[in-house]
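Work through these exercises with the sequence and the 3D view side by side. Try each task before you read its solution.

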Amino acid sequence: MHAAATYVDVEELKRSRAHELEKIVECQQLERFRARLKSGTSVSENNTVGLIESGLTREMVRLCVSAGMATFLTHVESRIAQQLGYGFYTIGPCGEENMAALALALQPTDPIALHYRHLATQYARQLAAGKSMESMLLDRARGYTCSTRDAVTGGVHCSLGGGPADFIVTSTLASQAPPAVGRALGSQLASLEGLPSSRFSKSSVSVVSLGDGSVNNAHFLSALNLAEYAAFRGFKCPVLFVVSDNDICISLRGYGWLAQFIDQRLGMPHFQADGNDLGAVYKAAATASAQVRRLKRPALLVISNLARRFGHAATDRQDAYLSAEEIQYAADRNPLERLCAQAVAENIYSSWSEISDEFEHTATLAARAFAEAAREPRIQHRSEAFRTAPAPPTANSAPQHAKKSSSGRRAVMRKHMTRVLHETLESVPEAVYLGEDVRHGGYYLVTDGLATAFPSRVQDFPPDETSLIGAAIGYAQAGLLPIVEIPYAKYLDCGADQYYEAGINYWLSNGQQPNGMIIRLQGFDRGVFGGNFHTHNMLSIPPGIDVVCFSNGPDYVRGFRRAVQMAKSGRVVMTVDSTALLNQRHLHGRDDGWMMPFPEDAEDTLDFSSVTRYGPETARIAVVTYGNGVPLALQAARAVEKDHGLQVAVLDSPCLSELPDGLREVLPGFDAVLFADVCKAGQHPLAGAICELQRLGELPRWQSTAAAFTYNPLGSTVTFLSVQDIIDGLLRLTQQ
C-alpha cells in the first residue's frame, strides 16, 4: 500500500479563514516587518561588529540574509498550516536567524547535527552548497506537513538534515551530543587506520548544536565529559558544541545558570557571541571552529542574548509564565531588522527596496511551497511505518538439527567467543571493539588478548553507558563497524536512550542514516554473584534492533559472523550473553556435553531466523527456548522421559526481536509446545512470538513458563528459570 495524496486547497483555506490568521502573532509580525522593509526609515542597527570587518564577504552576508528570511517565513507558514489543519510541527526558529553564520564558518563536509531551532544554519548550509531557494523551502514544507516526499524523514517526523554530512536530531533533549563526540573520535581513528570506509577527513570538525536548557541534560553532560576525558588522555577529539542561549527552556527561565555552569564546570575553551549581531556570530564561530580543527580538541561556542520570539511552539501557553509585556517584547525583537539595516548601511544591498523585493519574492516561494506540500501524500497505512531496518543479507533460515562433532578441540563457549572476536577484528579492518575494562580481558575474560593483537582498535571508555553507546553510533556514522560491550545487562538501563536512538535512526531518516553496529550485552541471567544488578534477566527490544541469545559456543560463533554481515548492511544487532553458559562444560552429570569444537569455516554462519532442534524425531511435544534455557530444557526433557515416558524435542530459537521463520516452519510438526523463557514473566520476549503465532493461526496447544517476576537476590538462583519450572510446564501441558 502507498500513501494517497489528499487534496488541500491552501489558497481557499487562507481566504475563507483570514480572520483567524490575522490573530496569529507570527502573521502580525510578518506584516510589521514587511512594512518596515518597505519604508526602511524605522529600522535601526547598532551592532558592534561590522559585517565585512568580521571576515564575511558581501556574498556571504547576502546569503545569510536570504537564509534568515527563509527561516522567518517558513515559521510563519508553519503556524498558518497548523491553524488551518495541514501542518503538524510548530517549534519555532525565530529570533535565531543569525545562526546562519555558523554554517559559513564551517567546511561543507563537516558532520553536523542541528538542534531543531537552528533552521537558519541548515538553510545557509544548503544555499552555500548551491541548493535553490525553491527546492529548499519545499523540502522543509514537506517536513512540516508530513509529506511522504520529505527528503529527510519520508513523512514520519519534521527534522533538519538531508545532506550527506547532516545527522538527524530527535526530540529527546541533547541526545544528539554523544554521537557527535563519537563522530569526532571515529573520524580520527578511521583516518589513522587508513580505512577506505572513512566518511570524513581527518581535518573535519564534528559540530552539534543545542539550546541552553539542554546543558542540564544527562546526554549533554555525558558527551561533554567524554570529550574532555578524551582530550585529557591525548586522543584527538575535534568536536564543537554550539549552544544557543535564549535564557528560557519551555517555561523554565535560565536565571543566568549557563554562565555559572561554564565558569564552574567547563574544562574546555569556550567562545561567545551576541546572537543579534551576525558579524559577531560569524567571527566567534570561525575562530572556534578553526581552533578545534587545528588542535583537534573540543570547544564550546555560546550564542547568547537571543530572543525566543513566539514561544516554544504553537501549543505553548506563554501567558501562564510570562507577562504580556515580556511576550510582546520578545515578539518585537527581530534580529533580521538589525541585519538588514546593517547590510544597507555597509552598502551590501543598494537600497531598502532591494531587500524588500527579495523578502516578498521569498514569501511567495514559501507560501507556494507549503501549498504544494499540503497536496502531497501523507502516511495513511500502518504498513508504511514498518521500515525499521535495512533488508538483511540473504541467508538460509531452514530448521537445523543439532549435530555432535568429534573433530577439533572442544572448548567452553567463552573460548569460542574470544576466538570469533579475534577473527572479526582480523578480517574486518573497520571493526573496533569498545567497552569498559575490555583491554585487560573484561569481567569474563571474553576479550582476553585482543588489545595486544589490535592495540588501536580495542578501546576502554569511562564507565558511562550513555557516552559508550552514543560514541558507538558516531563511530558507525564515521564509517567504522563498532562492537560495543555492555558489561552487565542491567547497565543497558544507564544508556537506554542512546540504545533506542541507535534503533530509530534508520526509521527516522527514511533509510538514509543507518548506523550498523553490534552490541554485546553480557552479565545476563542465572548467577549467584553480584545479585540482581549483575544477573539481570529483563530485556527491552525496540523496533530496529535485532536481538539474539545463543546457547552454545559454535552457535555463537556462527551467529556472530552473521551479526557482522548484518551490521555491515546497516543493521543494529544485540547479542545477549548468558553468564551461566560462558564456562559451562557439562550437560548431564560430568559428560563435558556442552564443550564443543570451533566452526573453522569462516563462511559458516547461522541465520537469526534459524531454529535448532534437539531430541527424538518422533517427539510430538516441544520446548521453545533460548540461551540458558536450552541446556535446562534438555535436562528437563531427559527427566520427563525417564519419569513419565514423554518424548520431548527442544527447539533452540535464538532470535528474540521477531518471530523467526524457522520456528514457523517447524511448529506444525508438534501437537503441543511449551515456551520456556529465561526472562521474567510478564515481559518475556517469547510472549511476542506467542502473540504473533496466535494472530497467524499457527499456534498449537501451548503453555508458557518464565523466570519469577521479582528481583534476583545475591547468592541464590531461586528466582531464575529452572529445570523444575520446565518439567512442571510440560506436565501441565500434557495434563499429567
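Below are six exercises, each followed by a worked solution.

This is a predicted model: local features need pLDDT of at least 70, side-chain atom pairs count only at pLDDT 80 or more, and totals for chains, interfaces and linings use all residues. Residues are numbered from 1 along each chain as its sequence is written, and side-chain values use heavy atoms, with hydrogens and water left out.

**Exercise 1. The whole protein**

Compare the radius of gyration of the protein with that of a compact globule.

Solution.
- Step 1: Take the rule. The radius of gyration is taken over C-alpha atoms, and the globule rule is 2.2 Å times the number of residues to the power 0.38.
- Step 2: Apply the rule. For 736 residues it gives a value near 27 Å.
- Step 3: Compare. The protein has 29 Å, which agrees.
- Step 4: Add the spans. Along its principal axes the C-alpha trace covers about 100 × 60 × 45 Å.
- Step 5: Look at burial. Of the 736 residues, 62% count as buried. Buried means under 20% relative accessible area, exposed means over 50%, and partly exposed lies in between (1.4 Å probe, protein chains only).
- Step 6: Look at contacts (heavy atoms within 4.5 Å). Among those between residues at least 6 apart in sequence, 81% join residues at least 24 apart.

**Exercise 2. Two helices**

Check the spans of helix α4 and helix α15.

Solution.
- Step 1: Know the elements. Helices (H or I, at least four residues) and strands (E, at least two) are DSSP runs, numbered from the N terminus. The protein has 23 helices and 21 strands.
- Step 2: Know the rule. The expected span is 1.5 Å times one less than the number of residues in the helix.
- Step 3: Test α4, residues 58-84. Its 27 residues should span 39 Å, and the end C-alpha atoms are 39 Å apart, which agrees.
- Step 4: Test α15, residues 413-427. Its 15 residues should span 21 Å, and the end C-alpha atoms are 21 Å apart, which agrees.
- Step 5: Check burial. In α4, 22 of the 27 residues are buried, so this helix is largely enclosed by the rest of the structure. The buried residues of α15 include Met413, Arg414, His416 and Leu425.
- Step 6: Step past the end of α4. There Gly85 takes a positive phi of about 95 degrees.

**Exercise 3. An open sheet**

In what order do the five strands of the open sheet stand?

Solution.
- Step 1: Use the pairing rule. Two strands pair if DSSP finds at least two bridges between them.
- Step 2: Read the order. It is β1-β2-β3-β7-β6, and the pairing is parallel.
- Step 3: Find the edges. β1 (112-113) and β6 (270-274) each have a single partner strand, so one side of each is left without a neighbour in the sheet.
- Step 4: Zoom in on one pair. Strand β2 (residues 206-211) and strand β3 (residues 239-244) are joined by six bridges. Ser206 stands opposite Val239 in β3.

**Exercise 4. Around strand β12**

Which residues point each way from β12?

Solution.
- Step 1: Sort the residues. Leu481, Ile483 and Glu485 point one way, while Pro482, Val484 and Ile486 point the other way.
- Step 2: Check burial. Six of the six residues of β12 (residues 481-486) are buried.
- Step 3: Find the partners. Strand β10 (residues 431-435) pairs with β12 in parallel over four bridges. Strand β13 (residues 517-524) also pairs with β12 in parallel over four bridges.
- Step 4: Focus on Val484. Leu434 stands opposite Val484, and in β13 the bridge partner of Val484 is Ile519.
- Step 5: Follow the chain. From β12 it crosses through helix α18 (residues 496-508) to β13, and this β-α-β crossover is right-handed. Right-handed means that, with the strands pointing away from the viewer, the path from the first strand over the helix to the second runs clockwise.

**Exercise 5. Asp604 and Arg558**

Which parts of the chain does the salt bridge between Asp604 and Arg558 tie together?

Solution.
- Step 1: Recall the idea. Side chains of opposite charge can pair when their charged atoms come close.
- Step 2: Use the cut-off. A salt bridge is a side-chain nitrogen of Lys or Arg within 4 Å of a carboxyl oxygen of Asp or Glu.
- Step 3: Check the pair. The closest N and O atoms of Asp604 and Arg558 are 2.9 Å apart.
- Step 4: Place both residues. Asp604 lies in the loop between β16 (596-597) and β17 (612-614), and Arg558 in helix α19 (residues 553-568), so the pair ties together parts that are 46 residues apart in sequence.
- Step 5: Compare exposure. Asp604 is partly exposed at 25% relative accessible area, whereas Arg558 is buried at 11%.

**Exercise 6. Other salt bridges**

How many salt bridges does the count come to?

Solution.
- Step 1: Give the total. The count comes to 32.
- Step 2: Look at one pair. Arg17 bridges to Glu20, with the closest N and O atoms 2.9 Å apart.
- Step 3: Find a network. Lys131, Asp139, Arg142, Arg149 and Glu376 are linked by salt bridges.
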